[in-house]
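Here's a quick briefing for anyone meeting this structure for the first time. Have a look at the sequence and the model, then read on.

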Amino acid sequence: RPQVGDQAPDFSLPSDSGTISLSSLKGTPVVVYFYPKDDTSGCTKEAIAFSQLKPEFDKIDVKIIGISPDNAEKHAKFRKKHELTVELAADEDKTALEAFGVWVEKSMYGRKYMGVERTTFLINKEGRVAKVWEKVKVDGHAQAVLEAARAL
């Protein structure tokens, strides 16, 4: 998993509005948040919180990209249903999830499975990791990310 100061791994992923690549955003700070699944309670709350704060991120010229293994079609439905304004990228083959070290073994009720560990990376305009939030708790998270982005 990339740590503070590391070059963020590049990715190029489909979204419901085209292709999103990290390298094309160089020169602009980017929030990349990884989440398990569209339209589940925690993921919906997180996407809505980032969408509500998007005007504040826009003021400081910081892009927000949410990434999950769901496909672009599911992302489009999720965005429409909840009026989300953040970009959602589809990582069906899990290349970005693995490059960022967030595709991990999890366990629930004693059963082990692979899944996304909710993690957020703040990437500075040089493309380096400025801050990492691991095992994110959704409440207050988007606001904390905004404050860190303002301090860049």
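F57 counts as buried, because its relative accessibility is 0% and the cut-off for buried is under 20%. Keep in mind that this is a predicted model. F57 is a handy place to start, as it belongs to an aromatic cluster along with Y33, Y35, F50 and F78.

**Aromatic rings**

- The structure holds eight aromatic pairs.
- One of them is F50 with F57: the ring centres sit 6.1 Å apart and the planes meet at 50 degrees, so this pair goes down as tilted.
- Why tilted? Planes under 30 degrees apart count as stacked and those over 60 as edge-to-face, so the rest, between those limits, are called tilted.
- F50 is buried too, because its relative accessibility comes out at 0%.
- Y33, Y35, F50, F57 and F78 make up one cluster.
- Over at W103, there's a charge to look at: K94 lies over the face of that ring, 4.9 Å from the ring centre.

**Strand β4 and its neighbours**

- β4 covers residues 63-68 and is mostly covered, with five of its six residues buried.
- On one side, β4 pairs with β3: the two run parallel and are joined by five bridges.
- Y33, already met in the aromatic cluster, has G66 of β4 as its bridge partner.
- β4 also pairs with β5 (residues 87-90), again running parallel, and here four bridges do the joining.
- G66 turns up again in this pairing, where its bridge partner in β5 is L88.

**Helices between the strands**

- Helix α1 (residues 41-59) joins with β3 and β4 to make a β-α-β unit, and that unit is right-handed.
- Helix α2 (residues 72-82) does likewise with β4 and β5, giving a right-handed β-α-β unit.
- So β4 takes part in both units, the one with α1 and the one with α2.

**A loop residue: T28**

- Where is T28 found? Look in the loop between β2 (18-21) and β3 (30-34).
- Is T28 buried or exposed? T28 is buried, because its relative accessible area is 17% and anything under 20% counts as buried.
- Which residues does T28 touch, leaving aside those up to four places away in sequence? They are D61, K63, N124 and K125.
- K63 among these contacts lies in β4, whose residues are 63-68.

Key
Residues are numbered from 1 along each chain as its sequence is written. This is a predicted model: local features need pLDDT of at least 70, side-chain atom pairs count only at pLDDT 80 or more; totals for chains, interfaces and linings use all residues. Side-chain values use heavy atoms; hydrogens and water are left out. Buried means under 20% relative accessible area, exposed over 50%, partly exposed in between (1.4 Å probe, protein chains only). Contact means heavy atoms within 4.5 Å. Rings of Phe, Tyr and Trp (its six-membered ring) pair if their centres lie within 6.5 Å; planes under 30 degrees apart count as stacked, over 60 as edge-to-face and the rest as tilted. A charge sits over a ring if NZ of Lys or CZ of Arg is within 6 Å of the ring centre and within 35 degrees of the ring normal. Two strands pair if DSSP finds at least two bridges between them. A crossover is right-handed if, with the strands pointing away from the viewer, the path from the first strand over the helix to the second runs clockwise.
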